[in-house]
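Subject: The structure we talked about

Hi there,

Here is the structure, ready for you to open. Have a look at it first, and then read on for what turned up.

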Amino acid sequence: MGMDVKEESLKLHREKHGTIEVVGTMPLRNGDDLAVAYTPGVAGPCLEIANDKEKAYEYTIKGKTVAVVTNGTAVLGLGNIGPAAGLPVVEGKALLLKRFANVNAIPICVDSTDPDDIVNTIKNIAPGFGGIHLEDIKAPECFYIEDKLKEELDIPIYHDDQHGTAIAVLAGLYNALKIVNKDISDIKIVINGAGASGIATAKLLISAGVKNIVLCDINGIVYEGDDCLNEPQKQIAKVTNRSLEKGTLKDAMK
């Protein structure tokens, strides 16, 4: 990153105190406005939702608002720098969601590295949101957290580092294949990195029709039967590298 970009980012973040703010949708010019937006008028939507919780999508921000949740354990290329230091990233992601999808997003930092603790925290705040966007939570915990939340909540759960990356890679691959005039089922793909992004990308590419994928991690080529693998890596090893290649990234790239 050029120093000019870094300095400009520091300057703007300092001046603006972050990248997002909350803006009201109803006027508050007088007592009548206050009575409609707040008490006693607000009792109306409260009672409607009490009778039918699905009405929250009609009367509140729930249906157009997601929580962008991090615990700061895998922030960009910076690693485990903690939840407060991860806040600028989830703020920025909230800004992207608003700007490009007109979705409201609330950045939330959870001060825990315990997967069950994080799951419970998100479950407890979920009634106020239409979806949960997980961000910068390290592997392999992120897989467990996402799977558990999908089991226990009835709103969409999305892990940016997995699904966002995978979608972008597949889109790029489709375009690249058009240029080189190759079929997706005939190519060999090497993925350098077998964490959240690498594994999720491999899964999506397999579902798109890729037959030959080799993943590499810090120890080299990932293969079925390798004792060094964590549980998500063991699962992906069963459906990738079927020729059981071994060695380094250099070997995989041949």
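Let me start with a helix pair. From α8, Asp161, Gln162, Thr165, Ala166, Ile167, Val169, Leu170 and Leu173 meet Ala196, Ser197, Ala200, Thr201, Leu204 and Leu205 of α9. A contact here means heavy atoms within 4.5 Å, and helices (H or I, at least four residues) and strands (E, at least two) are DSSP runs, numbered from the N terminus. Helix α8 covers residues 160–180, and its axis lies 8 Å from that of α9, at an angle of about 50°. That angle makes α8 oblique to α9, because angles under 35 degrees count as roughly parallel, over 145 as roughly antiparallel, 65 to 115 as roughly perpendicular and the rest as oblique. Axes are lines fitted to C-alpha atoms, for helices over the stretch in contact, and angles run from 0 to 180 degrees between N-to-C directions. The crossing of α8 past α9 is right-handed, the term for a near helix turned clockwise from the far one by less than a right angle (anticlockwise would be left-handed).

Before going further, a word on the model. It is a predicted one: local features need pLDDT of at least 70, side-chain atom pairs count only at pLDDT 80 or more, and totals for chains, interfaces and linings use all residues. Residues are numbered from 1 along each chain as its sequence is written, and side-chain values use heavy atoms, with hydrogens and water left out.

Now the overall picture. The protein has eleven helices and seven strands, and its C-alpha trace spans about 75 × 50 × 40 Å along the principal axes. Of its 254 residues, 35% are buried; buried means under 20% relative accessible area, exposed over 50%, and partly exposed in between (1.4 Å probe, protein chains only). Among contacts between residues at least 6 apart in sequence, 61% join residues at least 24 apart.

The strands come in two sheets. Strands of a sheet pair through backbone hydrogen bonds, either parallel or antiparallel; for the pairing used here, DSSP has to find at least two bridges between two strands.

One open sheet has four strands in the order β2-β1-β3-β4, with parallel pairing. Its edges are β2 (104–109) and β4 (157–159), each paired on one side only. Neighbouring strands in this sheet are turned by 25° against each other on average, direction ignored. Four bridges link β1 and β3 in the parallel sense, and Val68 has His133 in β3 as its bridge partner. Helix α7 lies across β3 and β4 and runs at about 165° to β4.

The other open sheet has three strands in the order β5-β6-β7, and its pairing is mixed. Here β5 (188–192) and β7 (220–221) are the edge strands, each pairing on one side only. Helix α9 (residues 196–207) packs on this sheet, touching β5 and β6, with its direction at about 180° to that of β6. Strand β6 (residues 212–217) runs antiparallel to β7 and is joined to it by two bridges. Cys216 stands opposite Ile221 in β7.

What about the interior? In the largest nonpolar core, which has 38 residues, Ile132, Leu134 and Leu215 touch the most other members. Such a core is a set of buried Ala, Val, Leu, Ile, Met, Phe, Trp, Tyr and Cys residues joined through side-chain atoms within 4.5 Å. Apart from it lies another core of six residues, among them Val68, Val90, Leu97 and Ala105. Leu134 has several contacts beyond four places away in sequence, including Val69, Ile122, Leu149 and Glu146. Glu146 itself sits in helix α7 and is buried, at 3% relative accessible area. Besides Leu134, Glu146 touches Ile157, His159, Gln162 and His163, leaving aside residues up to four places away in sequence.

Finally, some backbone details to check by eye:

- Thr39 to Pro40 is a cis peptide bond, with omega near 5°; Pro40 is in the loop between α2 (31–37) and α3 (43–51).
- Ala139 to Pro140 is cis as well, with omega near 5°, and Pro140 is in the loop between β3 (131–134) and α7 (141–152).
- Leu76 is not a glycine, yet its phi is positive, near 45°; Leu76 is exposed, at 64% relative accessibility.
- Leu244 has a positive phi of about 55° and is partly exposed, at 42%.

Happy browsing!
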